Amino acid sequence: MSQPHERIVILGGGPGGYEAALVAAQLGSQVTVVDSDGLGGACVLTDCVPSKTLIATSTTMSVVHGAPDLGIRVGAVPGGGGAAPGGTVSGRGQAQVDAPRVYARVKALAQAQSADVAKRLAAEGVETIAGRGALAGPDTVVVDGERLQAGAVLIATGAMPRVLPGAEPDGERILNWRQLYDLPELPAELIVVGSGVTGAEFASAYQALGSQVTLVSSRDRVLPHEDADAAMVVEDVFRRRGMTVLGRSRAAEVKRTRDGVVVTLEGGRTVRGSHCLLTVGMVPATRGLGLEEAGVTLDSRGFVEVDRVSRTTVRGVYAAGDCTGVMMLASVAAMQGRIAMWHTLGEAVKPIRLDHVAATIFTDPEIATVGVTANAVESGAEDAVAVKLPLATNARAKMQGFRDGFVKLFARRGTGLVLGGVVVAPRASELILGVSLAVEQSLTVDQMAQTFAVYPSLSGSLTEAARRLMLPASGRR
Ligand SMILES: Cc1cc2nc3c(=O)[nH]c(=O)nc-3n(C[C@H](O)[C@H](O)[C@H](O)COP(=O)(O)OP(=O)(O)OC[C@H]3O[C@@H](n4cnc5c(N)ncnc54)[C@H](O)[C@@H]3O)c2cc1C
C-alpha cells in the first residue's frame with residue numbers, strides 16, 4: 001500500500017531521475033524534477049542515445065562493405081579511398097559517409113527523444129524545473145534561490161567524462177565523446193585513448209565509417225573487464241579490418257600539432273593522427289550539491305554510497321544512476337530510481353540484483369552478457385559447467401555472411417539452473433533476452449533446451465548450447 005509524500009524532489013532528469021518520477025507520479029505523489037542540461041539527461045542528449053545512433057550508421061556501413069560477398073555489386077564512388085573535401089570521408093571506394101548529415105541526424109534524434117521524455121513527464125503531471133539544484137538539508141532543495149520542501153529527495157545527477165591531465169579536450173582535435181557530434185567532418189586518422197566499453201564502441205564505429213583508427217589500450221587486450229573469449233574475437237576483428245591496436249600502452253600526454261594531434265605514450269613513443277578521442281572513464285557529478293553538508297556519505301572517488309534499495313546514509317535522501325557508481329548503465333540507473341520510489345512510498349520492493357543485469361557492448365560484432373562470468377566459473381567461485389558454440393557453423397550466420405562470434409552458456413553443476421551467458425554476434429543485444437529470462441526466472445538448461453527456436457536462427461545456437469548441457473539420465477557432470 002503506497003503512502004504518497006507531500007512532495008518528492010528529484011535532482012537530475014536522466015533515466016535515474018525521470019523513470020523514478022514516473023513511478024512516484026503513478027503512485028499519487030506530487031513530483032518535481034530539477035534538471036540543468038535537458039530532460040533525458042546525458043544518456044539521451046550526449047552519451048547512450050547519440051552513440052547508438054552513430055553506431056546504427058556505422059553498422060549499416062559494415063553491411064554495405066560486406067554486400068559484395070552476398071552477391072551485390074556496390075557502385076564505385078569517384079575519388080573514394082580517403083578523406084574527401086566537404087566534410088566527408090569515403091568508405092573504401094564503395095559508399096560515402098556524409099558526416100554533417102550523420103551528426104545532424106544524431107543530434108536531432110537526441111533532441112526528439114528528450115522532447116518525448118518531457119511530454120511523458122508532463123502527461124503524468126510531473127513538474128519540471130530547468131536549473132541547477134542543491135540540497136540545503138535533508139528535506140530541502142534550492143534551485144536559483146527557490147526553496148523546495150520535500151518528503152523525499154532523489155539525487156540522480158549522473159557523471160562527467162574524466163579529464164586526463166596533459167590531455168585536456170579542446171573540442172576541435174582533442175575530444176571527449178560529447179564533442180564528436182560538433183565536428184565538421186569525420187576524423188581521417190582517429191586515435192582512441194582507452195579500450196574500455198566506450199573506447200571500443202567508438203573505435204569500432206569510426207573504423208566502419210571510414211576513419212583510420214588507432215586504439216591505445218593500457219592493458220594486454222581491449223575490453224579488459226569483459227569475457228576474455230569475447231574480447232579476443234572483437235580485437236581480432238578490429239585488427240583484420242585494419243585498426244592499429246596498441247596494447248600495454250598508456251597515454252601520458254596529448255598535444256595539438258599544426259594540423260592534427262600527437263599522443264605521447266608512457267615510455268616516450270609517439271602516435272600521430274588527425275584527432276584524438278579520450279575515453280578514460282567518468283567522474284561523478286556530486287560536487288557542490290550540499291551532499292556531505294547534509295550528512296550524505298560519498299566514497300573516496302566522490303560517488304554517493306547507496307544500499308540495494310537506493311538509500312543514502314541520510315533518511316529520506318536516495319540516490320540513483322551514475323552518481324552512485326553502481327554499474328554505469330541506463331537500465332541500472334532507471335531501476336535504482338524506481339526502487340527508490342517504491343521504497344520511500346511504502347511499496348513492496350525487491351533490492352536490486354546486479355548479477356542479473358543484461359548488458360551489451362555495441363561493437364561490431366556486439367558482445368552481450370548476463371549473469372555469472374567465465375572468470376567466476378573458471379576460478380571455481382561458481383560451481384558451474386559451461387559450453388561455448390561458435391556461430392561459424394550456424395546456418396543463419398552462414399546465410400548472413402558472418403563467422404565471428406559464439407554463444408556461451410553457464411549452468412549450475414548438478415541442478416542445471418541457467419546462471420548466465422555470453423553472446424558475440426551482430427545484434428547480440430537482442431539475442432541475450434532468452435538467457436536473461438532463464439536467469440531471472442530460474443529456468444534450467446533442460447527447460448531452455450525444450451523451448452522452440454526458429455530454424456534457421458542465431459537463437460537456435462542458444463537452445464543447442466542448452467541441449468549440450470542437459471542432464472544425462474545418470475546425473476549432470
Ligand atoms: C558513450 C556512452 C554510451 C553509453 N551507452 C549506453 C548503452 O548503450 N546502454 C546503457 O544502458 N547505458 C549506456 N551508457 C551509460 C548511460 O548513459 C548512463 O548510465 C546513464 O546516462 C545514467 O543515467 P543518470 O540518470 O544517472 O545520469 P544522466 O543521464 O547523466 O543524467 C543526469 C542529469 O542530471 C543533470 N544534473 C547534474 N547536476 C545537476 C544539478 N545539480 N541540478 C540539476 N540537474 C543536474 C545533468 O545535467 C543530467 O541531465 C553510455 C554511456 C556513455 C558515456
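**Entry 1. Surface terms and a first salt bridge**

A residue is called buried under 20% relative accessible area, exposed over 50%, and partly exposed in between. I noted at the outset that this is a predicted model. I then looked up R120 and found a relative accessibility of 40%, so R120 counts as partly exposed. Its partner in a salt bridge is E124, and the closest N and O atoms of the two are 3.6 Å apart. E124 has a relative accessible area of 29% and is therefore partly exposed as well. For the structure as a whole I recorded 23 salt bridges.

**Entry 2. The salt bridges of K408**

Next I asked: is K408 buried or exposed? At 5% relative accessibility, K408 counts as buried. I looked up its partners in turn. The side chain of K408 meets that of D227 in a salt bridge, 2.9 Å from N to O. This pair links distant parts of the chain: D227 lies in the loop between β14 (212–216) and α6 (228–240), K408 lies in strand β25 (residues 406–412), and 181 residues separate them. D227 has a relative accessible area of 10%, so D227 is buried.

K408 also forms a salt bridge with D229, with 2.9 Å between the closest N and O atoms. Here too distant parts of the chain are linked, since D229 belongs to helix α6 and K408 to strand β25, 179 residues apart. I recorded 24% relative accessibility for D229, which therefore counts as partly exposed. Which residues do the shared partners join into one network? I wrote down D227, D229, K388 and K408.

**Entry 3. The nonpolar cores**

I turned to the interior. In soluble globular proteins, nonpolar side chains tend to be buried together. The largest nonpolar core in this model has 47 residues. Those with the most contacts inside this core are L54, Y103, L180, F202, Y206, L223 and I367. I followed L223 further: leaving aside residues up to four places away in sequence, L223 touches S195, G196, V197, A200, A231, V234, I361 and I367. A second core, separate from the first, has 28 residues and includes V385, A428, I432 and A465.

**Entry 4. Helix α7**

I examined helix α7, which covers residues 330–344 and has 15 residues. From its first C-alpha to its last, α7 reaches 21 Å, close to the 21 Å expected at 1.5 Å a residue. What do the buried residues of α7 pack against? I found β1 (8–11), α1 (15–26), β10 (152–155) and β21 (317–319). The buried residues of α7 are V332, A333, A334, Q336, G337, R338, I339, A340, M341 and T344. After the helix I noted G346, which has a positive phi, near 80°.

**Entry 5. The hairpin of β17 and β18**

Lastly I looked up strand β17 (residues 261–265), which pairs with β18 in the antiparallel sense over 4 bridges. V263 stands opposite V271 in β18. The two strands form a hairpin with 4 residues between them, and G267 in the turn has a positive phi of about 105°. Strand β18 (residues 270–273) shows two faces: V271 and G273 are on the covered one, whereas T270 and R272 are on the uncovered one.

Terms used
Residues are numbered from 1 along each chain as its sequence is written. This is a predicted model: local features need pLDDT of at least 70, side-chain atom pairs count only at pLDDT 80 or more; totals for chains, interfaces and linings use all residues. Side-chain values use heavy atoms; hydrogens and water are left out. Buried means under 20% relative accessible area, exposed over 50%, partly exposed in between (1.4 Å probe, protein chains only). Two strands pair if DSSP finds at least two bridges between them. A nonpolar core is a set of buried Ala, Val, Leu, Ile, Met, Phe, Trp, Tyr and Cys residues joined through side-chain atoms within 4.5 Å. Contact means heavy atoms within 4.5 Å. The expected span of a helix is 1.5 Å times one less than its number of residues. A salt bridge is a side-chain nitrogen of Lys or Arg within 4 Å of a carboxyl oxygen of Asp or Glu.
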